[in-house]
Amino acid sequence: MDMKRDYYEDIQLLNSKILWFWFIMLIASLATLPFLLPNYHIYMVNYMAINVIVTVGLNILVGYTGQISLGHAGFFAIGAYGTVLLMTNLHFPFLLALVCSALIAAFFGFILGLPALRLEGPYLAIATLGFGMAITQVIGRWQVFGGRMGLEAPDLSLGPFVIDTDRQLYFVIVTIAFLLILAARNMMKTRVGRAFIAIRDSDIAAETMGVNLTLYKTLAFAVSAFYAGVAGGLMAFLLGFINPSSFNFILSIYFLAFVIVGGLGSIFGSIMGAVVMTWLLLTLDKVQELPYLGAVLVSFSERWMNLAGLPNIASIIFGLIIILLVVFEPLGLYGFWIRTKIYWKTWPF
Amino acid sequence: MFLQLVVSGLSFGSLYALIALAMVIIYKTSEVPNFGQGEMAMISTFVAFTLLVTHGYSFAVSFIGAFIFAAALGVFLEFVFLRRAKDPNILSLILITLGFQMVLYGLASWKWGADQKDFPFPVSDFDVINIGSAVISYLNIATLLITLFLMFMLFLFFRYTKVGIAMKATQQNAMAARINGIRTNRIMSITWALSSMIGAVAGMLLAPIATLDPNLMLEPLLKGFAAAVLGGMTTLVGAALGGYILGVIENLFGGYISLEFKSIVAFLIIVLVLCFKPSGLFAKHYVRKV
Amino acid sequence: MTNNNLFSVDQLTIKFGGLTAVDRVSFRVEPGSIFSIIGPNGAGKTTIFNCINGLYKPDAGSIIFKGEDIVGQKPHRIARKGIARTFQNIELFSRMTTMENLMLGRHIHMKTNVWTGATFFRRGSKAAQDEIKHRERVEKIIDLLDLQSARNQFVGGLPYGTQKLIELGRALALEPELLLLDEPSAGMNSEEKQDLVFWIKDIQDELGLTILLIEHDMKMVMDISDLILVINFGKPITEGKPEEVQRHPEVLKAYLGEDEVIDQSA
Ligand SMILES: Nc1ncnc2c1ncn2[C@@H]1O[C@H](COP(=O)(O)OP(=O)(O)OP(=O)(O)O)[C@@H](O)[C@H]1O
Ligand SMILES: [Mg+2]
């Protein structure tokens, strides 16, 4: 009665000519972008791409599998310190060091996932909070990790190419981010991702349909930690210098905020969330330089608050964004995007 | 050495116990672990500090002012944010309390900056008395006594006052309580106020030992959770005992095994308890219904 | 122990606090038959299912499937042995489409892992082949149950009856040898119920499944069951062919209301 459907099309990344066109356009613009932007903006884009990696990974855990983590700064730190230490002490080449330390992060994720099996929401949140804090403590006190002083990132080279500007780093970071996004998207379209989502929607049904809860819940942690580990390793080189205070509890909440803002359970949303929020974060860092608003805030701070503390309004704004989104728009930017799309589809009518 | 470690462990433990109590009171009524608990206490402590140092009020006035602030803050947060959650599942409730945490942390850092301040206190941390081979400061003794006194008051409150009994009824079965004419919404507000004030006590007892800055309560928050988990999250007595146990274990670990890793004890305890006895040491287990 | 028995339950007992929800229940199911469990609300029917697929661990008794005692095994292991079920209160993956729900039913037969899943970029890749192969089976089930119109819709928003069918489809996708259906017709109108009876018979003929059925609709139970077990307060009352069971005095008293018996004769 009907012609045979091509099932591959349903999972294929680019199943039409138009998509191919846009895909190539995207790659072309990503490739030319660093030659058009001033240096500071390249730095910002790099920052965004790194946060995209963490956010996509964290969304696999929180948005797709329905587990929570308040300790992702811990995995991020493991990636950063691991990469730097493997390169300086054991002279691993960069990519190998990066993959190894991401795998170490994944291993820690797996271990942390084990208690997670027995834990429902609140307990899991507490355990992961403890994990993140413990990691910060350990690297802050142990001399191998440079203690409070931190560590300097070694020189970076990829085969014959020396990478020492943000523009060169851009190609490394963006390529890796790009591949990891595709990987996440593929994973979510196939068996493993389906099992994750199934666990989120009904763990009982998933279990009775043959999904090994132990395996898949810990796997989600491991995959998510792997992403955070890679991102951490890249961050070490973007900052050039790492110390324990860059990986505190607040950072874990920032990551969570990226996911919430983008939208739980959407990779595209994660990208939007990380990009928008990183921009906001970096802008708020220098809020006093903003036209008008900056001056107002400065005089307000001088009158009522404390000028030195002004950059902390980032924390206030992030907190408010989290609360407001959870209360009013749990789907985040992605939900917003979907609704605009529907709106425009039916537009003149 | 051993005695010393135990004694000062108990003193720290009583702070953990207070934070754990504050958390458990909320957890029992709202079923949400309050990640804003630490920051609520921190900011109340700053209010006390401002009244005391910046405005020069007496200890009594400043502390009472801080308690009133703490209560108002608790009511405000519960009423304005938590109650609005459209789909109050665990994840969104947790996220909302994390939101508070961020907002309060940011506000405190903006207002008072990151530099560390000395928090004056009517009892000294330097005058000490000797008990056998152990030394204990007046402040430690005051901490222990104040905590015990507070716990006793809480016991009386839940046992004999009308509000306390209504609160307990709401914790056990909100629906039934409502049917019996208890205004559970109001109880919810009172719960948050009470919890916030208990937290404030912990903050004000901790600040003189630790120096006051916006990070004051970050670690104690985790310790409080560890204590609460140890006690099973749902019993007040368990939470209090959990606090003392944690304080002592942590100190002994720091004294005999490794000072560097002392602060991961809390995390290890959380993980171990959750792995081997998820219902905590003092609470009963229950099976989920399919 | 006869080996040709696919499935038997012996002296199954489970307690919740003071309540004995299932009390020494025994029965055996012939391969390829439809065996029904009936009883009033709270009798312990669903609890028996929960014990069979490992969600609850019984306090005593054994559950033999293909010659092996499966008590104490994890649900996912039991699923792999070939037992699938549907739930009384629908447990679908609400934010997945119908097709994805059914694909999850293929989980135990598929091979894709994290690595092959993340790195498929061609039609020929392992993961893509895996998907295509199992999609074909899933499409057959979609055709069988007439679910084409729901294929790409999120199941959360579909009508109740359709959701029940999707659950059935998901269970079938697992290719079980033993299928547990917990009140499959609840919430369906009489037309849908007729279709369901037809499908259940059809499935059983075609796939040679053994079916364990919990159902409140007496007409349907009497219509399709080979054997019926009646329980009340966790205890077995009687077991037998439909016509035997509906004549049993205690059944009439304990369970079958007047109208339902009359309804049956119509
Ligand atoms: N996890 C549990 N904890 C406590 N009691 C339970 C649990 N699961 C089931 N019960 C109790 O066991 C008894 C049997 O329940 P069950 O769900 O098996 O009944 P049922 O025969 O399926 O009834 P219905 O026709 O309403 O579906 C009930 O009293 C129920 O409350
Ligand atoms: Mg039932």
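**Exercise 1. The fold of chain A**

How many helices and how many strands are there in chain A? Then judge how compact chain A is for its length.

Solution.
- The model is predicted.
- Count the elements: chain A has 15 helices and four strands.
- Take the radius of gyration, which is 21 Å for chain A.
- Set this against the globule rule, which gives 20 Å for 349 residues.
- The two values are close, so chain A is as compact as a globular protein of that length.
- Add the outline: along the principal axes, the C-alpha atoms of chain A fill a box of roughly 70 × 50 × 50 Å.

**Exercise 2. Burial, contacts and charge in chain A**

What share of the residues of chain A counts as buried? Describe its contacts, surface and charges as well.

Solution.
- Burial: 59% of the 349 residues of chain A count as buried.
- Contacts: consider those between residues at least 6 apart in sequence; in chain A, 78% of them join residues at least 24 apart.
- Surface: chain A exposes about 14,800 Å², and carbon and sulfur atoms supply 71% of that area.
- Charge: there are 18 positive and 16 negative side chains in chain A. The centres of these two sets lie 5 Å apart.

**Exercise 3. Phe23(A)**

Is Phe23(A) buried or exposed? Locate the residue and list its contacts.

Solution.
- Location: Phe23(A) sits in helix H2 of chain A, residues 17-36.
- Accessibility: the relative value for Phe23(A) is 17%. The cut-off for buried is under 20%, so Phe23(A) counts as buried.
- Contacts: leaving out residues up to four places away in sequence, Phe23(A) touches Leu13(A), Leu14(A) and Phe178(A).
- A separation to check: Asn186(A) is 163 residues from Phe23(A) along the chain, and their C-alpha atoms are separated by 16 Å.

**Exercise 4. The fold of chain B**

What pattern does chain B follow when read along the sequence? Test its compactness too.

Solution.
- Count: chain B contains 11 helices and two strands.
- Order: the pattern reads α-α-α-α-β-β-α-α-α-α-α-α-α.
- Compactness: the radius of gyration of chain B is 19 Å, close to the 19 Å from the globule rule for 290 residues, so chain B is as compact as a globular protein of that length.
- Span: the C-alpha trace of chain B covers about 55 × 50 × 35 Å along its principal axes.
- Burial: of the 290 residues in chain B, 57% count as buried.
- Contacts: among pairs at least 6 apart in sequence, 74% of the contacts in chain B join residues at least 24 apart.
- Surface: the accessible area of chain B is about 12,300 Å², with 69% belonging to carbon and sulfur atoms.
- Charge: chain B has 18 positive and 12 negative charges, whose mean positions are 20 Å apart.

**Exercise 5. Ser195(B)**

Which residues does Ser195(B) touch, not counting residues up to four places away in sequence? Place Ser195(B) in the fold.

Solution.
- Location: Ser195(B) is in helix H8 of chain B, residues 184-210.
- Accessibility: Ser195(B) has 0% relative accessibility and counts as buried.
- Contacts: the residues touched by Ser195(B) are Ala22(B), Ile26(B) and Gln37(B).
- Sequence against space: Ile26(B) is 169 residues from Ser195(B) along the chain, yet their C-alpha atoms are separated by 6.7 Å.

**Exercise 6. Two positive phi angles**

Where do His91(A) and Met233(B) lie? Give the phi and accessibility of each.

Solution.
- Background: most residues other than glycine have a negative phi.
- His91(A) is not a glycine, but its phi is positive, about 55 degrees.
- Its place is the loop between helix H4 (72-90) and helix H5 (94-116) of chain A.
- His91(A) has a relative accessible area of 64% and is exposed.
- Met233(B), also a residue other than glycine, has a positive phi near 65 degrees.
- Met233(B) lies in the loop between helix H9 (218-231) and helix H10 (236-257) of chain B.
- At 1% relative accessibility, Met233(B) is buried.

**Exercise 7. The magnesium site**

Which residues coordinate the magnesium ion (ligand 2)? Trace them along chain C.

Solution.
- Donors: Thr46(C) contributes OG1 and Gln88(C) contributes OE1, at 1.8 to 2.1 Å.
- Positions: Thr46(C) belongs to helix H1 (residues 45-52), while Gln88(C) is in the loop between strand S6 (83-85) and helix H3 (98-105) of chain C.
- Separation: the pair is 42 residues apart and links distant parts of the chain.
- Accessibility: Gln88(C) is partly exposed, at 26% relative accessible area.

How values were computed. Residues numbered from 1 in each chain as written. Chains lettered and ligands numbered in written order. Predicted model: local features only at pLDDT ≥ 70, side-chain atom pairs only at ≥ 80, totals over all residues. Heavy atoms only, no water. Rg over C-alpha atoms; globule rule 2.2 N^0.38 Å. Buried < 20%, exposed > 50% of the residue type's maximum accessible area, 1.4 Å probe, protein only. Contact = heavy atoms within 4.5 Å. Areas by Shrake-Rupley, 256 points an atom, 1.4 Å probe, with all protein chains shown as cover. Lys, Arg positive; Asp, Glu negative; His and termini not counted. Charge placed at Lys NZ, Arg CZ, Asp CG, Glu CD. Donors = N, O, S within 2.8 Å, 3.2 Å for Na, K, Ca; no water.
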